[in-house]
Amino acid sequence: MAVISMRALITFLLLTLGFASWGSELRVAVSIPPLLDFVRAVGGDRVEAELLVLPGEDPHTYEIRPAQMRFLAGARLLIAVGLGLEWWLEDVVSAVGNPDLEIVITSEGIETIGGDPHIWLDPLNAVLQVATIREALVRVDPAGRLTYEVNAARYIVELLRLHAEINERVSGWSHKEFVALHGAWAYFARRYGLEQMAVIVPSPGREPSPREVAKITSLVRKYGIEAIFVETQYLPEVAELIAAETGASLVFLDPLGGVPGREDYLGLMRYNMERMEEVLR
Ligand SMILES: [Zn+2]
């Protein structure tokens, strides 16, 4: 009788304390939604992933929350893009003071364009990032090697399929030039033969001068550029002005996703391709 009630008590405690703290999941923090998707694709049930820059937030102006600091205190990996996108990384890691926390920079080994951090917007860069994540997971959790390798292989097939699809669609477009409000699309452009003719807001938070706006406006006219890539996170007034003066169309893109309808990376990239296609086809 005493044995049974002790068992019942333990069961009760486990249920009320929650399985998460009892389970052996690996705690992994990621900076942006595409990395969350990659970690979930590779890690599956073995990983408890926490997103830092939430959907709709701008990584360039992100500030960490106390609950996220607590997660990092018990985390094994922090997976980032690097190239200055996580400008807060060093300060946060030293404030957390968790000696078991390993930082994984997924831009390592990727050929960058002038230090531009928006590497994930080229699906073939995403393949390399997924491989880096797979290696990190195997390193800290060797018992999960088979799971991580099979999952990564499966997901890379999806990424390659996405790449082939975008490549085929873009090759049929009659317009290749665009102007971007925020310079997120250089890697996508390089991969698929589009041409980013100018960036309206050269660095986050800096307004272009009237002279710069006039220069871009005349560039759009001169080359007959049809598309101005904008993002809902950034105020598009300047882009609206240029569009009104030149007849170019605003193309609303999303480099980060994580919002309904484009929670996952594959869906996000197809969404962006389709928005571009409406104007560049
Ligand atoms: Zn950006």
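These are my notebook entries on a predicted model of one protein chain.

**Overall look**

I started with the secondary structure and found eleven helices and eight strands in the chain. I then took the extent of the C-alpha trace along its principal axes, which comes to about 85 × 35 × 30 Å. Of the 281 residues, 38% are buried. I also checked how far the contacts reach along the sequence: among those between residues at least 6 apart, 61% join residues at least 24 apart.

**Domains**

The domain assignment splits the chain into domain 1 (20–166) and domain 2 (173–280). Their C-alpha centres are 26 Å apart. I looked at who takes part in the contact and got 23 residues from domain 1 and 21 residues from domain 2. On the domain 1 side, helix 3, helix 6 and helix 7 are the elements that give two or more residues.

**The core**

Next I went for the largest nonpolar core, which holds 78 residues. Val-30, Val-39, Val-42, Ile-79, Ile-228 and Phe-229 have the most contacts inside it. Where does this core lie with respect to the domains? Domain 1 and domain 2 both give residues to the core, so it lies between them.

I picked Ile-228 for a closer look. Leaving out neighbours within four places in sequence, Ile-228 contacts Val-179, Leu-181, Ala-239, Ile-242, Ala-243, Ala-248, Leu-250 and Val-251.

**Helix 3**

Helix 3 (33–43) came next. Ten of its eleven residues are buried, so helix 3 is largely enclosed by the rest of the structure. Two of the core residues I had noted, Val-39 and Val-42, are on the buried list for helix 3, which also includes Pro-33, Pro-34, Asp-37 and Phe-38. I asked what the buried residues of helix 3 pack against. The partners are strand 1 (26–30), strand 2 (47–51), strand 3, helix 6, helix 7 and helix 11. Just after helix 3 comes Gly-44, with a positive phi near 50 degrees.

**Helix 6**

I checked helix 6 (residues 123–140) for length. Its 18 residues reach 26 Å from first C-alpha to last, close to the 26 Å expected. Its buried residues include Val-127, Leu-128, Val-130, Ile-133 and Leu-137, but also Asn-125, Gln-129 and Arg-134. The cover over the buried residues of helix 6 includes helix 3, strand 3 (77–80), strand 4 (102–105), helix 7 (145–171), helix 8 (186–192) and helix 11 (265–280).

**Strands 3 and 4**

Both of these strands turned up in the cover of helix 6, and I wanted to see how they pair. They run parallel and are joined by four bridges. Leu-77 stands opposite Glu-102 in strand 4. Between the two strands the chain passes through helix 5 (residues 89–96), making a right-handed β-α-β crossover.

**Pro-255**

My last stop was a loop residue. Pro-255 sits between strand 8 (249–253) and helix 11. Is Pro-255 buried or exposed? I counted 21 other C-beta atoms within 10 Å, so Pro-255 is buried. Leaving aside residues up to four places away in sequence, Pro-255 touches His-118, Leu-121, Ala-184 and Glu-231. For one of these, Leu-121, I took the separation from Pro-255: 134 residues in sequence, and 7.0 Å in space from C-alpha to C-alpha.

Key: Residues numbered from 1 in each chain as written. Predicted model: local features only at pLDDT ≥ 70, side-chain atom pairs only at ≥ 80, totals over all residues. Core = buried A, V, L, I, M, F, W, Y, C linked by C-beta atoms within 7 Å. Buried ≥ 20, exposed ≤ 12 C-beta atoms within 10 Å, placed from the backbone. Domains from an automatic or database assignment. Contact = placed C-beta atoms within 7 Å. Expected span 1.5 Å × (residues − 1). Pairing = 2+ DSSP bridges. Right-handed = clockwise from strand over helix to strand, strands pointing away.
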